[in-house]
Amino acid sequence: MVHSLYSNKDIFLRELISNASDALDKLKLEAYRNKDLDADTTDLHIRLEADQEARTLTVRDNGIGMSRDEVIELIGTIAKSGTAELLRKLKEAKDSTASAELIGQFGVGFYSSFMVADKVTLVTRRAGESQGTRWESTGEGTYTIDEVEDAPAGTAVTLHLKPEDADDHLYDYTADWKLKEIVQRYSDFITWPVRLGKDGTEAINSMKALWARSKDEATEQEYHEFYKHISHDWTDPLETIQLRAEGTFEYQALLFIPSRAPLDLYLRERKRGVQLYVKRVFIMDDCEALMPEYLRFVKGVVDAQDLSLNVSREILQQDRQIQLMRRRLVKKVLSTVKAMQSTEPEKYATFWKEFGPAVKEGLVNDTDNRETLLEIASFDSTHDAEKPTTLREYVERMKDGQEHIYYLTGASRALIEHSPHMEAFQAKGYEVLVLTDAVDEMWVESVPEFDGKKFQSIAKGQVDLDSDEEKKDNDEQRQEFAGLLSWLGETLSEQVKEVRLSSRLTTSPACIVGDANDISPTLEKMYRAMGQ
Ligand code: ADP
Ligand code: MG
């Protein structure tokens, strides 16, 4: 009974172990690359030391450690900036769910310690340096920092636990069973041994790299915890993707599609989320050679057996095997989305809402997968304001004799719907795609067709919606209005190329259309903004 009760606060330990694990990864790699580094890497591990009398819990690692400057930059400054606000809110938060949400929102793993501690002491020494540093804070937005002489290499984070609650035995973070339970629940896959007590030699985690197991050897919960460890996200992923290749170039991949787009998805500096391992050794974060730009939201791990540990980003970019691997990973991600589209439409809708604009960048750049991308894309349309349509569905609804897929680009749905260009199409019942993302301007220029149907902007050139009979009427009207048209043409000769009688309009008296070869007004604005 007791053992099935979990608290949201427990995740502070996941965060500290995750940091310790990263620190061990970094040391291992640095020691491999720099043979002169004065560091002992023979027994890399994480240790949890509890003191029931003093009510402290220490999470210790013999990893890379931090210099004094790094402590100030990585741990210290968060205490000054946004975190002061976070900590104030944390104190006010009524329950641990609220505080876990707050922590996740602010994305500061280390500071989750203050959910359970009223004082945190961090002692660290960077590999290769002799001077150690002690940082201490009560989580009120300030901290103290001192030099220490005899700090062991690595980092020790000591939590001075808050006074016990009434139901304390459940949340006693000094109890061995409790620590074991949390580690097994949240950190079992950590590839470094997590040991218990000052002298414990046995690992309490299984240490099995999750990506090396087959799908039935791991639970969904384990995949989700692993995702949180590598992505620093606090929400479960939308989809887990597993892939392995055997033979001459062997690798295993465990990829995730998050359930929410990060805030920096459209900023140029944001990072890409696939980590590269070589034979279980962490090599780099954000390996851009493994995922194209337009799938930058995909997170995960790729472990390759046949690469050198010395491999660099430059080498990876040129490696043929890596290019093949990337091609396969991309196909797998896209086919997963395609499957999701047909079997789990709601999940797919979430995916498209969060990542659609990024994926559409692929329509411009990834010509190899263009067909698949066109299949998995959806677009707002005049058919149903509530539900985006796929191109396949659009084509199925096309009217007899309709040859083109009609679209209009613009800044918002409202602007597009009220555009005079829309009138004739609405009146005659033609469906028009409503394209409001900036990237839409780009791909419509570079994608020629879908399923043999060309894309046609309803704002460009002569769009012929009329029957033969209507055309005859138009001819008569044209003669009737010839005088007006030529007068308008002369009067407006500075502003427009030509004045035509139009069958596009039903209620508006006039509208401006682009030439068939002109760039669209929005694109024109974009180019002008870029100074071209
Ligand atoms: P994140 O892990 O998402 O970067 P954290 O708040 O958990 O955010 O940690 C902030 C930074 O502090 C880490 O990125 C790392 O550089 C540093 N750090 C934290 N714990 C350790 C540790 N045990 N050893 C070395 N560096 C650490
Ligand atoms: Mg962290």
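Which residues of α8 are buried? Keep that one in mind while you get your bearings; the tour comes back to it at the third stop. What you have open is a predicted model.

**Getting oriented**

Colour the chain by secondary structure to begin. The chain comes to 17 helices and 18 strands. If you colour by burial instead, buried residues make up 36% of the 532 residues. Among the chain's contacts with a separation of 6 or more, 68% are between residues 24 or more positions apart.

**Stop 1: the ligand**

Select ligand 1 and show what lies around it. The shell holds 16 residues, and the closest are N19, A23, G109, F110 and T155. Sorted by class, this shell has 8 nonpolar, 6 polar and 2 charged residues. Now highlight α1 (11–33) and α2 (68–80), each of which supplies at least two residues of the shell. Of the contributors, α1 gives the most, with 4 residues.

**Stop 2: the seven-stranded sheet**

Next, bring up the open sheet of 7 strands, and trace the order β5-β4-β3-β6-β2-β1-β7, with mixed pairing. Look at the two ends: β5 (144–148) and β7 (194–196) are the edge strands, and each has a single partner, so one side of each is left without a neighbour in the sheet. Going from one strand to the next, the twist averages 15 degrees.

Zoom in on the β5 end. Strand β4 (residues 132–137) pairs with β5 in the antiparallel sense over 5 bridges. To find the register, select T133, which stands opposite E147 in β5.

Turn back to α1, the helix you met at the ligand. This helix packs on the sheet, touching β1 (46–51), β2 (56–61), β6 (154–161) and β7, and its direction makes about 20 degrees with that of β2. Then add helix α5 (residues 176–186), which also packs on the sheet: α5 touches β1 and β7, and its direction makes about 170 degrees with that of β7.

**Stop 3: two helices to inspect from end to end**

Select α8 (residues 320–343) and place a distance between its end C-alpha atoms. At 1.5 Å a residue, its 24 residues should span 34 Å; the ends are 35 Å apart, which agrees. Here is the reply to the opening question: the buried residues of α8 are I322, M325, R326, L329, V330, V333, V337, M340 and Q341. In general, an α-helix has 3.6 residues a turn, so residues three or four places apart point the same way. To see what covers the buried residues of α8, show elements including β8 (239–245), β9 (251–257), α7 (313–318), α9 (345–365) and α10 (370–376).

Do the same with α6 (residues 220–231). Its 12 residues should span 16 Å at 1.5 Å a residue, and the end C-alpha atoms are 16 Å apart, which agrees. Within α6, Y223, E225, F226, Y227, K228 and H229 are buried. These buried residues pack against α1, α5, β8, β9 and β12 (299–304). Just after the helix, click on H232, which takes a positive phi of about 60 degrees.

**Stop 4: the six-stranded sheet**

Move on to the open sheet of 6 strands, ordered β14-β13-β16-β15-β18-β17, again with mixed pairing. Its edges are β14 and β17 (449–450); each has a single partner strand, so one side of each is left without a neighbour in the sheet. Helix α14 (residues 438–446) packs on this sheet, touching β15 (404–409), β16 and β18 (453–457), and its direction makes about 145 degrees with that of β15.

Strand β13 (residues 378–381) is a good one to select here. It runs antiparallel to β14 (residues 389–390), joined by 2 bridges, and F379 stands opposite T389 in β14. Another 2 bridges join β13 to β16 (residues 433–435), also antiparallel, with D380 opposite V434 in β16.

**Last stop: S419**

Is S419 buried, exposed or partly exposed? Find this serine in the loop between α12 (413–417) and α13 (422–427). With 17 C-beta neighbours inside 10 Å, S419 counts as partly exposed. Leaving aside neighbours within four places in sequence, S419 is in contact with L408 and G410. Finally, select S508 as well: S419 and S508 are 89 residues apart along the chain, and their C-alpha atoms are separated by 9.4 Å.

Technical notes: Residues are numbered from 1 along each chain as its sequence is written. Chains are lettered from A and ligands numbered from 1 in the order in which they are written. This is a predicted model: local features need pLDDT of at least 70, side-chain atom pairs count only at pLDDT 80 or more; totals for chains, interfaces and linings use all residues. A residue is near a molecule or strand if its C-beta atom, placed from the backbone, lies within 6 Å of it. Ala, Val, Leu, Ile, Met, Phe, Trp, Tyr, Cys and Pro count as nonpolar, Asp, Glu, Lys and Arg as charged, and the others, Gly among them, as polar. Two strands pair if DSSP finds at least two bridges between them. Axes are lines fitted to C-alpha atoms, for helices over the stretch in contact, and angles run from 0 to 180 degrees between N-to-C directions. Two residues are in contact if their C-beta atoms, placed from the backbone, lie within 7 Å. The expected span of a helix is 1.5 Å times one less than its number of residues. A residue is buried if 20 or more other C-beta atoms lie within 10 Å of its own, exposed if 12 or fewer, and partly exposed in between; C-beta atoms are placed from the backbone.
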